[in-house]
Structure formats: structure tokens, C-alpha cells
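The following walks through one structure, taking a helix, a residue and a core in turn. Keep the sequence and the 3D view open while reading.

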Amino acid sequence: MEWKKTLSTGAAAGASVGFFVSLNGFFDIGYNSFGGFLASVIIFILLSAFGVKTISEKTGYCEPSLKHLIPVSFLTFVIPVLGPAFGAGSTGPEYVGALIAFGAVGGLFWSTPFAGWSYHKSG
């Protein structure tokens with residue numbers, strides 16, 4: 001896969017992680033236990049990765065690997081999304097937009113090693 005497509009699918013996966021996390025805060029769902037929090041995090045990560053893969057394939061854009069999308073989704077959740085999600089006041093559309101932007105930037109950052117490897121392999 002081309003390195004540019006690797007970066008764009010990583011950014012999409014990161015943005016979708018930010019979107020799912022922001023919806024949780026936007027609707028003020030909350031967690032009753034640590035197990036509930038952990039289950040929702042795993043669902044957000046996997047749903048983002050599988051969603052980006054499915055949409056990319058159905059539109060004919062590319063065929064991204066889950067070996068790329070799942071680690072990028074996980075790392076994006078841990079570093080640029082989790083902190084602002086806990087620290088934000090969950091106050092409307094700007095909250096959703098900010099977490100989506102943080103997720104997209106994080107997805108780009110964490111996709112950089114995969115894009116570099118793809119560029120190196122292509123010659």
C-alpha cells in the first residue's frame with residue numbers, strides 16, 4: 001500500500017477513535033466499573049480499526065491492514081485522546097471537534113513508522 005494511503009487511513013482511524021470517545025463524554029454515559037470502561041475502550045478501538053478498513057475497501061480506496069490500524073487506534077487512544085477526554089468539561093460540539101482533531105493528529109503521528117516502512121519497501 002502507498003505510504004500516503006497508510007497515513008490517511010491512520011488519520012481516519014485516529015479521528016474515529018476520537019469521535020467515539022467524544023460521543024461517550026458528549027452524552028455523559030459514564031462507567032459503573034473499571035471493567036465497563038475497559039470493555040468500551042476495546043470496543044472503540046476495534047470498531048475504529050474495522051470501520052476504517054471496511055469503508056476503505058468498499059470505496060475502493062485501498063486495502064489497509066489491521067496490523068496497522070489496530071495499533072494506531074490503540075496508541076491514538078492512549079496518548080492524544082485519553083488525557084483531553086478526562087480533562088474536558090464535555091460541553092458540546094467543540095468538545096467533539098477537538099477530540100476528533102486530536103485523534104486525527106495522533107493517527108497521523110502513529111502511522112508515520114508504518115508509512116516509512118511502506119515507502120522503504122516500495123523503493
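In this predicted model, the buried residues of helix α4 are Tyr-95, Val-96, Leu-99, Gly-103, Gly-106, Gly-107, Ser-111, Ala-115 and Ser-118. An α-helix has 3.6 residues a turn, so residues three or four places apart point the same way.

Helix α4 covers residues 93-122, which is 30 residues. At 1.5 Å a residue, α4 should span 44 Å, and because its end C-alpha atoms are 41 Å apart, the expected and modelled spans agree. The helix does bend, by about 45° at Thr-112. A proline, Pro-113, follows Thr-112 within four residues.

Ser-111, one of the buried residues of α4, leads to a residue in another helix. The side chain of Ser-111 makes a polar contact with the side chain of His-68, at 3.1 Å. His-68 is in helix α3, residues 66-87. Its relative accessibility is 5%, and because buried means under 20%, His-68 counts as buried. Leaving aside neighbours within four places in sequence, His-68 is in contact with Thr-6, Thr-9, Gly-10, Ser-111 and Phe-114.

Tyr-95, Val-96 and Leu-99, which are among the buried residues of α4, also belong to the largest nonpolar core. This core has twelve residues in all; the others are Val-17, Val-21, Phe-37, Val-41, Phe-44, Ile-45, Phe-77, Val-81 and Ala-85. Helices α1 (3-26), α2 (34-59), α3 and α4 each supply at least two of the core residues. The largest share, four residues, comes from α2.

Conventions
Residues are numbered from 1 along each chain as its sequence is written. This is a predicted model: local features need pLDDT of at least 70, side-chain atom pairs count only at pLDDT 80 or more; totals for chains, interfaces and linings use all residues. Side-chain values use heavy atoms; hydrogens and water are left out. The expected span of a helix is 1.5 Å times one less than its number of residues. The bend at a residue is the angle between axes fitted to the seven residues ending there and the seven starting there. Buried means under 20% relative accessible area, exposed over 50%, partly exposed in between (1.4 Å probe, protein chains only). A polar contact is a pair of N or O atoms within 3.5 Å; within protein, one must be able to donate a hydrogen and the other to accept it, and residues adjacent in sequence count only if both atoms are side-chain atoms. Contact means heavy atoms within 4.5 Å. A nonpolar core is a set of buried Ala, Val, Leu, Ile, Met, Phe, Trp, Tyr and Cys residues joined through side-chain atoms within 4.5 Å.
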